[in-house]
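Student: Hi! Could you walk me through this one?
Tutor: Sure, have a look and ask away.

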Amino acid sequence: MKKWYNIGGCGIKVEQAKDIIRKALSQYSKPYIAFSGGKDSTCLLHLVLQQKPDITVVHWDFGPYKLPRVIENQILENAKKIGARDIRVYTSDEYQKGRNASKVFERNFFSKVIPELASQGYDCAFVGLRKEESCGRENRIDANRSLGLIEEVWPIQDWTWRDVWAYILENNLPYPDTYNIYGPVLGWDRVRLASFFDLDLEGVGTPELDGILMWKYKNIGGD
Amino acid sequence: MNEIEYYVNKAKEAPNLSWEPYSPFKITFYLGSPVCLTTPWIMFDSLLGHLILLDTMQEDFFVLPRKRNISDFLPENSRSMPLKKTGEIYHASAAIFTPNNGLCVEQMYKRFETIFSDKLHLKKVRLGSGHYRSYALKEPYIPAKSATFFVNGRKNVILKLIDKYLFALGNDIRIGWGMIRRFDIEDTDEDFSIVANGLAMRPIPIELCKEYEDAAVLAYKSPYWDPRNTTLCVVPGSRCKLNER
């Protein structure tokens with residue numbers, strides 16, 4: 001993977017991403033980074049912090065039932081290790097309902113968190129979206145369509161999964177352990193960080209897999 | 001007559017099973033296809049609970065309330081679990097898969113099929129949600145050739161139930177996972193159903209153990225999907241020592 005960084009054109013894509021970030025930082029006065037803790041936002045965080053070390057990092061917590069605290073703590077720890085100083089964690093009380101809580105992120109993030117950030121003067125969001133992930137995302141990037149009130153910028157939009165892993169390994173970035181659990185089973189091209197035991201993801205079959213790979217957390221919500 | 005009463009009567013009316021004394025033995029299932037799982041372990045007591053209820057209720061088994069546990073209401077008779085019990089746990093191990101090559105995943109798609117449908121007069125069939133929703137199922141499976149359980153129970157009853165009803169192991173057997181080609185039963189000198197050579201063979205509540213290596217919140221009795229049956233247990237496969245009592 002490290003070789004890919006040099007021979008697979010990853011270096012060029014990194015420079016392109018840095019250009020996009022540079023332009024956005026000169027264009028917008030108060031940007032933030034949307035940081036899920038996954039591999040894409042880890043790369044994005046590292047790239048943006050090189051140019052703006054004091055940028056606000058916004059993270060959504062899926063609650064103890066859908067994201068075990070061990071992993072959530074690891075995500076926040078990783079952000080600090082990469083250099084984030086101003087980390088803001090948002091969540092919702094609806095997650096206290098347990099694993100049956102549905103569409104909480106969709107309901108709360110775009111209708112409460114983003115308007116709140118907009119009212120505080122934030123005018124740009126760096127998001128680690130990639131075209132390769134899905135047709136929907138590719139169309140959204142091509143149409144330059146932001147989901148909330150705040151304009152989105154996608155610096156790593158043209159990266160492939162190989163570029164992402166190559167960048168992580170090249171820069172020795174920390175990432176959550178769940179990748180090492182799911183990666184060998186699902187494949188390193190398909191592995192993603194999402195909420196676990198989440199009925200909203202039943203349609204794509206991940207709760208079945210979570211029951212086996214995350215069995216330690218199946219019956220607990222806390223630590 | 002209410003629902004519970006109906007099933008209790010059915011259990012009372014079921015013909016008696018002749019009981020042999022408890023004896024420890026090992027049962028090996030030779031598989032014709034990989035076993036699909038939803039948890040890392042298949043527990044033999046849950047398997048047997050399913051079979052004995054199927055034998056007792058016959059066709060009514062398929063209309064049992066899905067999310068209501070009726071076992072508390074059933075009478076203690078020859079239709080009870082033919083397994084030795086210590087505290088609240090049965091003497092039945094989790095499956096040991098051979099060879100243990102680790103977990104694999106297969107993606108399968110469940111889609112609305114127009115050829116089987118009488119809904120074609122509808123203008124629109126919603127595939128994104130509702131009854132006809134499409135699913136991309138991830139089927140985690142173990143490509144094992146055999147699954148072995150250690151049991152301490154009434155061998156004749158267990159043998160009869162397995163022979164009559166059990167044709168596959170694990171999840172999604174309707175699409176061909178976990179088919180059983182044949183099975184062997186072998187007597188053992190010792191009872192390896194709970195602890196064997198210092199290793200936990202099933203989830204054991206930590207209160208029953210003097211020492212243990214690893215513990216997690218797991219179900220220790222069937223139904224294993226029910227969160228009410230969970231407690232801090234020694235993880236199968238980890239080192240432990242049982243209390244002398």
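Student: How many residues of chain A are in contact with chain B?
Tutor: 17 residues of chain A are in contact with 21 residues of chain B, where contact means heavy atoms within 4.5 Å. Keep in mind that this is a predicted model, where local features need pLDDT of at least 70, side-chain atom pairs count only at pLDDT 80 or more, and totals for chains, interfaces and linings use all residues. Residues are numbered from 1 along each chain as its sequence is written, chains are lettered from A in the order in which they are written, and side-chain values use heavy atoms, leaving out hydrogens and water.

Student: What area is buried between chain A and chain B?
Tutor: About 1,700 Å², with carbon and sulfur atoms giving 64% of that. Buried area is the accessible area (1.4 Å probe) that two parts lose on being put together, summed over both.

Student: Which three residues supply the most on chain A's side?
Tutor: A:I212, A:W215 and A:N219, which supply 34% of the area that chain A buries against chain B.

Student: And which side chains meet in a salt bridge?
Tutor: Those of B:D214 and A:K216, at 3.2 Å, N to O. The rule finds one salt bridge across this interface, counting a side-chain nitrogen of Lys or Arg within 4 Å of a carboxyl oxygen of Asp or Glu.

Student: Which helix gives the largest share of the side of chain A that touches chain B?
Tutor: α9(A), with six residues. Helices here are DSSP runs (H or I, at least four residues), numbered from the N terminus.

Methods: Helices (H or I, at least four residues) and strands (E, at least two) are DSSP runs, numbered from the N terminus.
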